[in-house]
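Subject: Structure for you to look through

Hello,

Here is the structure I promised to hand over, with the sequence beside it. Please open it first, and then read my notes below with the view still on your screen.

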Amino acid sequence: APGEAEAEVALRCADRDWLGHAALDGERLVGWIGAIRTYSHGWEIHPLVVAPARQRRGIGSALLAALEARARDEGVLTLFLGSDDDYGGTSLFGRDLWPDVVSHIAATEATVRGHALTFYRQRGYEIVGLLPDVNGAGRPDIMLAKRLSAASRSFA
């Protein structure tokens, strides 16, 4: 809806736990990525958007790389996000994922070119969970995450 993105940005800019990066072409905004400092060592990516006419030109990749670099600099170990399928962009759409939700993860594929699942998988993100029916029956949210630093593993 018109003004929805602007309202989201205004809301997030007032939040101390949120940060963002913009991609500009001159003075024109062509892309935007944000993150919410959700955990001490994990940030949620929200949102990543690129103007439709400027997609598939590396803008989203550059924004994601900038956010990942900043997160690493701040000691973040994991970035995560939810990627809705509320239109039929993946093999999960229209399916009843209950009762064994996690059994569907391995076979999940994008079925429509341009679904964010493909973009994130190509950049090292993997599916770590599914939220069935959160966008309506058969319309899941696909949870993806990426480990940013394997070198600092210390498990006690």
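Leu144 is a good place to begin, since, leaving out residues up to four places away in sequence, Leu144 touches Leu79, Phe80, Leu81, Ser83, Leu117, Tyr120, Tyr125, Glu126, Ile127 and Val128. Please keep in mind throughout that this is a predicted model.

Leu144 also belongs to the largest nonpolar core, which has 29 residues, and together with Trp43, Ile45, Leu79, Tyr120, Tyr125 and Leu130 it is among those that touch the most other members. At least two residues of this core come from each of the strands S1 (18-25), S2 (28-36), S3 (42-50), S4 (78-84), S5 (126-131) and S6 (141-147), and the same holds for the helices H2 (59-73) and H3 (116-122). The largest share, five residues, is supplied by H2.

H2 itself is 15 residues long and spans 21 Å from its first C-alpha to its last, which is close to the 21 Å expected at 1.5 Å a residue. Its buried residues are Ile59, Gly60, Leu63, Leu64, Leu67, Glu68 and Ala71. Because they cover an arc of only 165° around the axis, these residues lie on the same side of H2. The spacing makes sense if you recall that an α-helix has 3.6 residues a turn, so residues three or four places apart point the same way. The buried residues of H2 pack against S1, S2, S3, S4, H3 and S6, and just after the helix Gly75 takes a positive phi of about 85°.

The aromatic rings come next. The structure holds four aromatic pairs, and one of them joins Phe119 and Tyr120 edge-to-face, at 5.0 Å centre to centre with 85° between the planes. Tyr120 also pairs edge-to-face with Tyr125, where the centres are 5.4 Å apart and the planes meet at 75°. Phe119, Tyr120 and Tyr125 thus form one aromatic cluster. Tyr120 counts as buried because its relative accessible area is 5%, under the 20% cut-off, and Tyr125, at 3%, is buried as well.

Where in the chain does Thr90 sit? Thr90 lies in the loop between S4 and H3, and yet, with a relative accessibility of 4%, Thr90 counts as buried. Apart from neighbours within four places in sequence, Thr90 is in contact with Asp85, Glu109, Ala110, Thr111, His115, Leu117 and Ile142.

Best wishes

Note on methods: Residues are numbered from 1 along each chain as its sequence is written. This is a predicted model: local features need pLDDT of at least 70, side-chain atom pairs count only at pLDDT 80 or more; totals for chains, interfaces and linings use all residues. Side-chain values use heavy atoms; hydrogens and water are left out. A nonpolar core is a set of buried Ala, Val, Leu, Ile, Met, Phe, Trp, Tyr and Cys residues joined through side-chain atoms within 4.5 Å. Buried means under 20% relative accessible area, exposed over 50%, partly exposed in between (1.4 Å probe, protein chains only). Helices (H or I, at least four residues) and strands (E, at least two) are DSSP runs, numbered from the N terminus. Contact means heavy atoms within 4.5 Å. Rings of Phe, Tyr and Trp (its six-membered ring) pair if their centres lie within 6.5 Å; planes under 30 degrees apart count as stacked, over 60 as edge-to-face and the rest as tilted. The expected span of a helix is 1.5 Å times one less than its number of residues. The arc is that of the directions from the helix axis to the C-beta atoms.
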